[in-house]
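Dear colleague,

I am handing over the structure we spoke about, placed just below, and after it I set out what was found there. Please read the notes with the coordinates open beside them.

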Amino acid sequence: MVTRRQLLHLAGSAALANTVGISSAQAYPTRPVRILVGFVAGGNFDIVARLVGQSLSEQMLQPVIIENRPGASSNIATEAVIRAPADGYTLLLGGAVNAVNATLYDKLGFNFISDLAPVAGVVRFPNVMTVGASFPAKTVPEFIAYAKANPGKINHGSSGSGTTQHLAAELFKMMTGVDLLHVPYKGGSQAITALLGGQVQVLFEALPPSIPHIRSGQVRALGVTTAARSEALPDLPAVGEFVPGYEASGWNGVCAPKNTPAEIVESLNKWTNASLADPKVKARLAELGATMLGGSSADFRKLIAHETEKWGKVIRTANIKPT
């Protein structure tokens, strides 16, 4: 039988534990939080980080500082976060590039899957398959038929070897059996210029910089690379409508150093999901053709593992090396 004294002791212990839990939750954050971005200001990663960071700041009641650390295809920023204290004050806006780098680079000083704690997925970005305005094919099936009739005579450009744009084309090649010659450039703007000038005949480039040229009629869009159509171009089919199972998109998500306390990861997950529900954030990201991810940290972990395995197979099959 439990005595009155024991009941009082148990009740007091529970109250103390609850108070400690509340105190611990209230203790974070007490100072500014940094989100590292592995690319220069102005790109998709930077735009997403600043939008989400502003919303996070409003919820956390602390400044959220976006720090651009470009270089080595985001590996510099990623390693900096991995080496940072696991206290929730240094975060990474990771993405598909990290899943690609896990196989692309032979000697990374870290393991993206095991050395970081996934917090929450943020957005998924489509690439868009475009051809020159005078190219004979007007649909994905017509492109496949033309490419098979002209093996090795079509150049596909990209923003660099090993980029998600390059891999989107390689996956398309693997799934359709077409033969395309890869021509890498130093960035998406150079690749688009090459398409406009006729040096390459097809791109699987990011949607935002491609939209103005699509709408002006300078290039012809054949399909978006996400599994579903994009709200930014709702009449444009997905490549997967013609190539079942095809999906090749970029994505972003918030990560923390491994061993970050679970309650901090949980709080950050809650705040990130709330940011994605913010009408201002949703509207701006929709303009970029993005679709919201959100969900639990476990959901984001599954996405990272799936993407790492998927792109690893493509990289090994195509024998892709970093430049």
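Let me start with a single residue: L61 is exposed, because its relative accessible area is 71%, and over 50% counts as exposed. Please keep in mind throughout that this is a predicted model. L61 sits in the loop between α2 and β2, and its phi is positive, near 60 degrees, although the residue is not a glycine. Most residues other than glycine have a negative phi, and most peptide bonds are trans.

Two further places in the backbone belong with that one. S73, which is likewise not a glycine, has a positive phi of about 55 degrees; S73 is found in the loop between β2 and α3 (75-82), where a relative accessible area of 27% makes it partly exposed. The peptide bond from Y28 to P29, in turn, is cis, with omega near -5 degrees, and P29 belongs to the loop between α1 (4-26) and β1.

The open space comes next. The largest pocket holds about 1000 Å³ of space, and of the 41 residues that line it, F39, S159, T163, T164 and Q165 are the closest to its centre. At least two lining residues each come from α2 (44-60), α4 (96-104), α7 (164-176), α8 (188-197), β8 (202-206), α9 (207-216) and β10 (250-257), and α4 gives the most, with four residues. Sorted by class, the lining of this pocket is made up of 18 nonpolar, 20 polar and three charged residues.

As for enclosed space, two cavities of 30 Å³ or more were counted, and the largest cavity has a volume of about 50 Å³. The lining of the largest cavity consists of F112, I113, L116, A117, P118, C255, R301, I304 and A305, with α5 (112-115), β4 (116-125) and α12 as the elements that give two or more residues to it. By class, eight of these lining residues are nonpolar, none is polar and one is charged.

Helix α12 (residues 297-318) also contains F300, and one may ask whether F300 is buried or exposed. F300 is buried, because its relative accessible area is 2%, and under 20% counts as buried. Leaving aside neighbours within four places in sequence, F300 is in contact with P118, V119, A120 and G121, and also with W251, G253, V254 and C255. The C-alpha atoms of F300 and G121 are separated by 5.3 Å, while the two residues lie 179 residues apart along the chain.

G109 offers another pair to look at. G109 lies in the loop between α4 and α5 and counts as partly exposed, with 44% relative accessibility. Neighbours within four places in sequence aside, G109 is in contact with E79 and R83. G109 and I144 are 35 residues apart in sequence, and their C-alpha atoms are 40 Å apart in space.

Turning to the nonpolar interior, the largest nonpolar core has 34 residues, of which Y28, V48, M60, L93, V122 and L268 touch the most other members. At least two residues of this core are supplied by each of β1 (33-37), α2, β2 (64-68), β3 (90-95), β4, β10, α10 (262-276) and α11, and the largest share, seven residues, comes from α2. If residues up to four places away in sequence are not counted, V48 touches L93, V122, V123, F125, N252 and L285. Another core, of 29 residues, lies apart from the largest one, and V140, V178, V243 and I315 are among its members.

Finally, both ends of one helix have a feature that can be inspected directly. D278 caps the N-terminal end of helix α11 (residues 279-287), where a side-chain oxygen of D278 lies 2.9 Å from the backbone nitrogen of K280. After α11 comes G289, which has a positive phi, near 80 degrees.

With best regards

Conventions. Residues are numbered from 1 along each chain as its sequence is written. This is a predicted model: local features need pLDDT of at least 70, side-chain atom pairs count only at pLDDT 80 or more; totals for chains, interfaces and linings use all residues. Side-chain values use heavy atoms; hydrogens and water are left out. On a 1 Å grid over the protein atoms alone, a cavity is a set of points where a 1.4 Å probe fits but cannot get out, and a pocket is an open set with protein on both sides within 12 Å along at least five of seven lines; lining residues have an atom within 4 Å of a point. Grid points are joined across faces, edges and corners, and a volume is the space filled by probe spheres set on the points. Ala, Val, Leu, Ile, Met, Phe, Trp, Tyr, Cys and Pro count as nonpolar, Asp, Glu, Lys and Arg as charged, and the others, Gly among them, as polar. A polar contact is a pair of N or O atoms within 3.5 Å; within protein, one must be able to donate a hydrogen and the other to accept it, and residues adjacent in sequence count only if both atoms are side-chain atoms. Buried means under 20% relative accessible area, exposed over 50%, partly exposed in between (1.4 Å probe, protein chains only). Contact means heavy atoms within 4.5 Å. A nonpolar core is a set of buried Ala, Val, Leu, Ile, Met, Phe, Trp, Tyr and Cys residues joined through side-chain atoms within 4.5 Å.
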